[in-house]
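User: Could you take me on a close look at the ligand site in this model? I'd like to hear what surrounds the ligand and how it is held in contact.

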Amino acid sequence: MTDRYYVTTPIYYVNAQPHLGHAYTTIVNDVLARFHRLRGLETWFLTGTDEHGDKIVQAAQAAGETPQAYADRISGMFRDTWPLLNISNDDFIRTTEPRHREVVQAVLTRVHDKGDIYFGKYGGWYCFGCERFYTEKELVDGLCPDHQKEPTFIEEENYFFRMGRYQDWLIRHIREHPDFIRPERYRNEALSFLKEPLEDLCISRPKSRLTWGIPLPFDDRFVTYVWADALINYVSALGWPDGERFRAFWPAAQHTIAKDILKPHAIYWPTLLQSAGIGPYQHLNVHGYWKIGESKMSKSVGNVVEALHMREVYGLDAFRYFLLRDMVFGLDSSFSEEALVGRINADLANDLGNLCQRSLTMVGKFGRGAAPEAARARAEGGELRTAGREAVEVYLREFEVLGFHKALIAVWELINRANKFIDREAPWALAKDPAMRVRLDEVLYELLEALALISGLIEPVMPDTAAEMRRQIGLDPDFPSLDPDEIARALSPGLPIRQGAALFPRVELGGAPAGGKASKPGAGKPAAETAAEPGPAGESISFDDFKKLDLRVGRITAAERIPKADKLLKLTVDTGEERTVVAGLAKEYSPEDMVGRQVIVVVNLPPAKLMGVKSEGMLLAAKDDDGLALLTVSRETRPGSKVS
Ligand code: MSP
């Protein structure tokens, strides 16, 4: 086991803007990088853009730009997108940079000097979309299997890499290192490519046909084939051959890609590395596709999900959590906003958000400082400490084999265990009995410790939420830990609890009224949420329950429609303090009609995010066959007045 870790994304073509598919691979790599940093490994995380080749020239022409200007623009979009998704890459490489060009030429010179490159004539079926030749056998009904387009027959002189020389070595290497390519299904797929003799790889394009590329070092009438150019980014970015970084990180290299580019990474790249005397990478991690329904996401099909849009509507950490939790690494998964909303409400708002809020409220109310010394001493052997250790064990094991969803399930088992612990121990009841003071301290301390550990466990996937949890607990937000002993030391007596807003407000798909329907009925919801459900007059509730509702008179001071949501209005309401309320009233009331009205507002619901707008309350309205009618007061009343 080395104490370093080097992880890479594919370098993305600059012929499309970053979408959910690119975001997924990049977020997975970010999660891996953050996880390994958390484990104390020296980590290097690389991403970048692939900018040469026919495809880019064609896209630039279509955009009316030079290839360089076009590549600068789209590469900039990738570079600017990643910080918005909290991607912690250490470097961003572009294949048009001199540092890359020099290394490509140096690697090819090595391979050429070794006698592994020859000049020859080749005729074959070429797909411009894939930028590669196909053999007759690979075509499906004469068409490119990926683009379903007829390839063009091209005959030309080119340079070829003798890939076949390394075939036996590669088969042996894959057999001897069972996790070289993982999960196993892709290892098997690679071995099945290797059942047939490998054809030599054409690594050049004549300049008469394509000039947008890196000139071959031994014949400048040719440029380098884009895959032979692109793969080398993984070592050029480290400063091969003499760079300090190359020496430090190459032995710990892992590439993460989707299955579409398995062959270049599993066959071309290791054989090229072997020929150049560089030595193979450690692991190739291969995931499946995010699909929309049954189809692969693609610009031409028009079903591309914009990652940034998802982040704006649902929040970044929720989006990252969903991607890691809902895809089994290696298999395809279907993306749907309904599933995302379901996860947010169930796992994040109900389970995690609720645990945090309940625990900290009780520590604030019943606690004697955050962590009385005696309770700390007794936590060893406590239920949550033990459950925490078990969760960490499963989590670490699963992370090592890319079982992100299983690692997160283990964390959520701990969260649910802690929620049940509260229900069973009932701190509010312990607080009423002076004889139970010691037990109360223990229960509250165990909860704090579990929360701190959970914040460490979610750190790689949801870094902002994890830091906010630690801030609320009173710990240093920048020091996540998975070590209960370390956490116990940090939770010194008297830490200031700083409970803030709910971590995850409930969300709904666009169009529904604020307040939120629960996806898990009854699970930890405030009474006001169920009270908002329509239906006949139901069971009676206690007066105490009714009193939990904080209803205030408000005056609407501004109103506007929310784009793409035909039922929603964004309102600014003066309820003694100014708040934003999103209301599903646009069918009945125009924005102009709303301004100046006095309304009744529920002001103590947790905030909810609707179409990306945070709503901090709910207006009361009656509903009949004609739609909704706003509730109001029968005379002008001071904003903020209580309604009872
Ligand atoms: N430029 C090459 C890679 C060269 S690496 C030396 C390339 N670029 S790409 O822009 O087409 O990116 C392909 C990668 O984007 C996939 O391998 C995957 O990481 C990601 N994805 C694109 N669409 C995807 C899905 N629908 N689902 C999951 N990942 C997807 O190939």
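Analyst:
**The ligand and its surroundings**

A polar backbone atom of Ile 11 sits 2.8 Å from a nitrogen atom of the ligand. Please keep in mind, as you look around, that this is a predicted model. Oxygen atoms of the ligand take part in polar contacts too. One lies 2.8 Å from a side-chain N or O atom of Asp 260, and an oxygen atom of the ligand is also 3.1 Å from a backbone N or O atom of Ala 258. As for cover, the protein buries 94% of the 670 Å² that the ligand exposes when taken alone.

Now step back to the whole shell, which has 23 residues around the ligand. Ile 11 and Asp 260 appear again here, since they belong to the group that comes nearest, together with Thr 25, Asp 50 and Trp 290. By residue class, the shell divides into 13 nonpolar, eight polar and two charged residues.

You may also want to know which parts of the fold to display alongside the ligand. Four elements each supply at least two residues of the shell: the strand β2 (12-13) and the helices α1 (20-38), α7 (226-231) and α8 (233-236).

To sum up the site for your viewer, start from the polar contacts at Ile 11, Ala 258 and Asp 260. Then add Thr 25, Asp 50 and Trp 290, which are also among the residues that come nearest to the ligand.

Notes. Residues numbered from 1 in each chain as written. Predicted model: local features only at pLDDT ≥ 70, side-chain atom pairs only at ≥ 80, totals over all residues. Heavy atoms only, no water. Near = heavy atom within 4 Å. Polar contact = N/O pair within 3.5 Å; in protein donor to acceptor, adjacent residues only side chain to side chain. Areas by Shrake-Rupley, 256 points an atom, 1.4 Å probe, with all protein chains shown as cover. Nonpolar A, V, L, I, M, F, W, Y, C, P; charged D, E, K, R; others polar.
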